[in-house]
Number of protein chains: 2
Amino acid sequence: MFDNKGKTEIAQLGEFGLIDLLTKSITLTQPSTIKGAGDDAAVLDFKDKKVLVSTDMLLEGIHFDLAYTPLKHLGYKAIQVNLSDIYAMNGTASQVTVSLGFSSKFPLEAVEELYSGMLLACDKYEIDLVGGDTTSSKQGLVISVTSLGYADENDIVYRNTAIEGDLICVSGDLGGAYMGLQLLEREKLIFLENPNIQPDLEGKDYIVERQLKPEARKDILNLLKDLKVKPSAMIDISDGLASEILHICKQSNKGCNLYEEKIPIDPMTYDTAREFNLDPTVCALSGGEDYELLFTVKQADYDKIKHNADISIIGHITEAAAGCNLVSKAGVVHELKAQGWNAFKGE
Amino acid sequence: MFDNKGKTEIAQLGEFGLIDLLTKSITLTQPSTIKGAGDDAAVLDFKDKKVLVSTDMLLEGIHFDLAYTPLKHLGYKAIQVNLSDIYAMNGTASQVTVSLGFSSKFPLEAVEELYSGMLLACDKYEIDLVGGDTTSSKQGLVISVTSLGYADENDIVYRNTAIEGDLICVSGDLGGAYMGLQLLEREKLIFLENPNIQPDLEGKDYIVERQLKPEARKDILNLLKDLKVKPSAMIDISDGLASEILHICKQSNKGCNLYEEKIPIDPMTYDTAREFNLDPTVCALSGGEDYELLFTVKQADYDKIKHNADISIIGHITEAAAGCNLVSKAGVVHELKAQGWNAFKGE
C-alpha cells in the first residue's frame, strides 16, 4: 500500500492544478499529433492512413489489487494492455487518452507515481498522451485508457480472416502472468495472517514481472515484417489462449486443432503451477493477461518462421465442422472451451 | 431506483454473451467507419481530415445519482457530454467508444436501458458506437466514453486564439442544469424522510430536463456556418461560465469583461434560484453542466449575430493586464473566479 504520511492532498491543488501539474511533464513526439492535452479535444492527423481505436477500463478490486501492485507498474500496465490491442491489428500505436478516478484522499504523490508509469510506457513505445479526464471517485481507483494508432489499409489484420490449413502461432510463452498472480495472492494472504513474514518471491522475478509489468509485443510486428510474413488473422491474448483462439475461429467460421505439447510454457511457470497443484496447460489456456500475440499464417510461410525462438507454431485451422480441439500430450482430443477450469474439471 | 425483480442476471450471459447482445442492435452509418465493435480495435478512415478525440468519465455518486436519474437518460447524457467537446472544436462528431463497469447484480435489463439511451443519442446525432469494454465493478456504475470526430484544419477552433476586442458569446441559457440538480436533490431528501410524499417537479420540466437530458449544441455550429461566422475561440460549458471563460482568457493570454445583465438566464431558472435563496447569476457562472457553447467572434461579425435568439453577446475580450471581470447590474466590477460560490461569498 502507498504510504500517505507527509503527502500532498489533491484538494489543495484542485482539478485544474492537478491537470497542469501532470501534463507539464508530457512531451509530444508523434508527427500525427497536432494538439495534445489542453483543449476540448486533441487534434490528430493520420493523413492517408486508416485510424485504429481501442479502449479498456481497469477497476480496483477487479483488475488490480493495490496491496501488491506498485502504482508505477499499474500505470505502465494500463498503457501496455491498450497498446496490445492496436498491435493485434498490425498497426502502429501513436496516441493514448487517460481518464482517472481516485479518492480525494489519494495523495498527489500517488497520482504522480501512477502517471510516471504511464509516461514511461508512452516514452518506450513512442506514444503521445494527448488528453483525458481526472475526477474524484468514491469507489477506489478507476483507470480508463483509449489508444489510437494507424495502418495502411492493406496491412490491417482482422480476427475473422483465418483460412483452413493456416498455421496457428503464438509469441513468447503463456501462463506466466497467471502464475505470477497466484504467487502474489498467496503472499498477500500470508502477510495478512502474519505481517511479520516477508513476502517470498525469491527466484520468481520472471512470472511476477509477467503479471505486474507486461510488455505489448510491438517487437513481434517488426519481426514479422522483417520475415515478410503477414498474418492472416490476429488477436492479443488478454483472456487466455483458449478464449482467444475461439474468437478467431468463431469470427472466421473455422475450427482448429491445438497441440498441447506445442504450447510454449516457461519452466518457471511450469514449476510454479506444479507447486500450486495446477495443470500448467490449463494455466496457459485460461490464465490470461499474457498480452502475447496469437496469429495465423499461411502454410507457405512455415519455413520463414519455423526457427524463430519468439514464435511457436501450436496448431492449425480446420473447417468449422471439425470443431475447436486440443490434442493432449497423450493424443486424446478435447473440445476447447473458453473457461478451461471447467472444461478440464476432474481430469 | 431500478427494480431488480424478475430481471435477468448478467452472470448467466457472461461477458461475451452480453457484448454480443448489446452490439447486435448497433447499425453503422458513418462513411468514416470501416470496422466497428468486434475486433481488437475499430478501424476508421478520416481521409484528409484532421481527427478530434475527447474522453470523459462518469462515476456513480460523483457525477450522477441513480436515485433520480433514469438509466436511459444517463446513457443519453453520457454521450452528449462527450459530443459537446468535439463540437466545441467546431468539428463533426462521428464515433464513440463506451466502457462500462457495473455490479454483477446489475440486471441485464438495466444495462440495456442505459445502452438504449446511448444508442438514441448516437442515432440522433449521427454517431457510430464502434467499440468499448464491459467489466464488472465492485463500486457502482462507471461509464467512460471517448468520442472521435473530424474537421478541416482551417475550421478547427481552439481555446487559445481569442483576440483583444472580440465579442464573447454564449448559446442558449445558463444555470438551468444546476437548478434542475438542486430540485432533484431536494425532492430526494424529502422522499428519504417520507417515502409517501411524491416528488413535486410540476412545472419544472425545463430545468429538470436541462440536468437529466442535455443536448450538445451541434445546431449552433450549423447556425454559425449559415451566418458565415467562424468563432475565434470556443469551449463548451461543462464547469460553469466563469471557469470556461477563464480557460479561454488564460490560454489566449487575454482578459475579459462580462456583463451580468447580458448573461442569459431562463425565467424558470431565475425563479427557482430565488426560491432556493440562490443568486441566479452565481448559478449561471458556476453551476455547470449546461453544455452550451462559449465562443468569441470578431467585432466585425456583430451584425451577423446580434438578432439571433440562440446567441447572447455577454462581454468582450480585453488585454491580459485588465484581468477577468464581471460587471454587475449595479455597475460594480468583480474579479471573476472559477468557483463563484466562494468569490461571491458574503454579498
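Here are a few worked exercises on the predicted two-chain model above.

Some ground rules come before the exercises. Local features of this predicted model need pLDDT of at least 70 and side-chain atom pairs count only at pLDDT 80 or more, while totals for chains, interfaces and linings use all residues. Residues are numbered from 1 along each chain as its sequence is written, and chains are lettered from A and ligands numbered from 1 in the order in which they are written.

**Exercise 1. Describe the overall build of chain A.**

Step 1: Start with the secondary structure. Chain A has 11 helices and 13 strands, where helices (H or I, at least four residues) and strands (E, at least two) are DSSP runs numbered from the N terminus.

Step 2: Turn to compactness. The radius of gyration of chain A, taken over C-alpha atoms, is 21 Å, close to the 20 Å from the globule rule for 347 residues, so chain A is as compact as a globular protein of that length. That rule is 2.2 Å times the number of residues to the power 0.38.

Step 3: Add the box. Along the principal axes, the C-alpha atoms of chain A fill roughly 65 × 60 × 30 Å.

**Exercise 2. Find what shortens helix α1 of chain A.**

Step 1: Compare the spans. Helix α1(A), residues 10-23, has 14 residues, yet its end C-alpha atoms are only 15 Å apart, short of the 20 Å of a straight helix. The expected span is 1.5 Å times one less than the number of residues.

Step 2: Look along the helix. A kink of about 75° is centred on A:F16; the bend is the angle between axes fitted to the seven residues ending there and the seven starting there.

**Exercise 3. Work out how the two chains are related and where they meet.**

Step 1: Superpose the copies by least squares on the C-alpha atoms of residues with pLDDT of at least 70 in both. Chain B falls on chain A after a rotation of 180° with 0.0 Å of shift along the axis (RMSD 0.0 Å). The two copies are thus related as by a two-fold rotation axis. In chain B, the C-alpha nearest that axis belongs to B:Q139, at 2.5 Å.

Step 2: Count the contact. Chain B and chain A give 46 residues each, with contact meaning C-beta atoms, placed from the backbone, within 7 Å. On the side of chain B that touches chain A, β3(B) gives the most, with 9 residues.

Step 3: Compare the two sides. Of the interface residues of chain B, 100% are also interface residues in chain A, so the copies meet through the same surface.

Step 4: Check for strand pairing across the chains (at least two DSSP bridges). Strand β3 of chain A runs antiparallel to β2(B), joined by 3 bridges, and A:V51 stands opposite B:L44.

Terms used:
Contact = placed C-beta atoms within 7 Å.
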